Amino acid sequence: MGGDGGVVATNRKYMRGAGTADHTGDYSKAGENKEHNALEAMTTCHLTKLPLFPNGGPIVACAFGRLYQKEAAVEALLTRASSNATSSTSVLGDQVRKMSDLHEVRFHQDTSNNNKKGIVNLTCPITGKALQGIIPAILLVPGKADTPNVLSESAFDQLPMEELALEYGPIKQKIRLAPPPELLKQIQQEELEKRLQKKNKQKKNKKKRKQEGEGNGEKNTRPKTQTKATIGTAAKSRVDSAIESNQVLSSL
């Protein structure tokens, strides 16, 4: 309309940016249309999009390398539990089903070169390299309490596991933090396969225990039958002996 060939400006397919607005009120939709921002992924909560530093409180991460304010993650878990929502539809995702699926994150913060108040430099405690998303960062789980447990990937690869464990505590799992989209897809696929393997193993163990229980039930019934037969034979033998020893009874 308006002499432009009859195109209706209110038609959504002709409106610039239609349907691509960021859903700021929905944690599950927020930022899904944006390109991967490594610095943002390392310094903001994946749920609330609020800064993790300098006073964001305790930080946790999931198997996908996403960082959360611990308080926000706990609230999300409680909300899911109270609303009976499934883990796949939760804002946390299927990879977080309980608190044990979230791991504490303790960054080494270098404040020596801070010129502005509130700026925090996250660095590798070994190499001193800045961990702002450009250099891959590895989370050591669980690590040692009150000790940084985030290293650069190069430092992790160069040092023996025994030496790392001695300095940073036990390492049961390593998680790549803020992975790029391509790597994230690979990690998600690996986690899915692990979960399926665990589920199949549990099914096999359950079936095995059931079979063993049925087998033990059959074994327990057999000795009882044999015991009754043995007792009966012994009693009959004693009676026969008594009859033989008694002349009166044996003559009958």
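Me: In which strand of this predicted model is His-103 found, and is His-103 buried or exposed?
Reply: In this predicted model, His-103 is found in the strand that covers residues 103-105, which is S3. Leaving aside neighbours within four places in sequence, His-103 is in contact with several residues, including Ile-59, Val-60 and Ala-61, and also Leu-139 and Val-141. Because buried means under 20% relative accessible area, and His-103 has 14% relative accessibility, His-103 in strand S3 counts as buried.

Me: Val-60 is in contact with His-103; which strand holds Val-60, and what is the relative accessibility of Val-60?
Reply: Val-60 has its place in strand S1, made of residues 59-61. Beyond neighbours within four places in sequence, the contacts of Val-60 include Leu-67, Tyr-68, Lys-70 and Ala-73, as well as Leu-102, His-103, Glu-104 and Val-105. Val-60, in strand S1, counts as buried because its relative accessibility is 2%.

Me: What distance separates the C-alpha atoms of Val-60 and Lys-70?
Reply: Val-60 and Lys-70 are 10 residues apart along the chain, and Lys-70 is one of the residues in contact with Val-60. Their C-alpha atoms are separated by 5.5 Å.

Me: Which residues touch the most other members of the largest nonpolar core, and which strand gives the most to this core?
Reply: In soluble globular proteins, nonpolar side chains tend to be buried together. The largest nonpolar core here has 40 residues, and those touching the most other members are Leu-67, Tyr-68, Phe-107 and Leu-177. With five residues, the strand that gives the most to this core is S6, residues 137-142.

Me: Which residues does Leu-67 touch, not counting residues up to four places away in sequence?
Reply: Leu-67 belongs to the largest nonpolar core and is among the residues there that touch the most other members. Not counting residues up to four places away in sequence, the residues that Leu-67 touches are Ala-41, Met-42, Thr-44, Cys-45, His-46, Leu-52, Ile-59, Val-60, Ala-61, Val-105, Phe-107 and Leu-177.

Me: What is the volume of the second largest pocket, and which helix gives the largest share of its lining?
Reply: The second largest pocket has a volume of about 630 Å³, and of the 19 residues that line this pocket, the closest to its centre are Gln-95, Asp-101, Glu-191, Arg-195 and Lys-198. By class, the lining holds nine charged, six polar and four nonpolar residues. Nine lining residues, the largest share, come from the helix spanning residues 181-245, which is H5.

Me: Which prolines follow a cis peptide bond, one from Phe-53 and one from Val-141?
Reply: Most residues other than glycine have a negative phi, and most peptide bonds are trans. The bond from Phe-53 to Pro-54 is cis, with omega near 0°, and Pro-54 is found in the loop between helix H1 and S1. A cis peptide bond, with omega about 0°, also joins Val-141 to a residue of strand S6. The prolines asked for are therefore Pro-54 and Pro-142.

Me: What is the phi of Lys-49, and what is the phi of Ala-178?
Reply: Lys-49 lies in the loop between H1 and S1 and is partly exposed, with a relative accessible area of 32%. Ala-178, in the loop between strand S8 and H5, counts as buried at 7% relative accessibility. Both values are positive in a residue other than glycine, with phi near 65° for Lys-49 and near 45° for Ala-178.

Notes
Residues numbered from 1 in each chain as written. Predicted model: local features only at pLDDT ≥ 70, side-chain atom pairs only at ≥ 80, totals over all residues. Heavy atoms only, no water. Core = buried A, V, L, I, M, F, W, Y, C linked by side-chain atoms within 4.5 Å. Buried < 20%, exposed > 50% of the residue type's maximum accessible area, 1.4 Å probe, protein only. Helix = DSSP H or I, 4+ residues; strand = E, 2+ residues; numbered from the N terminus. Contact = heavy atoms within 4.5 Å. 1 Å grid on protein atoms, 1.4 Å probe; cavity = no way out; pocket = protein on both sides within 12 Å on 5 of 7 lines; lining within 4 Å. Points joined across faces, edges and corners; volume = space filled by probe spheres on them. Nonpolar A, V, L, I, M, F, W, Y, C, P; charged D, E, K, R; others polar.
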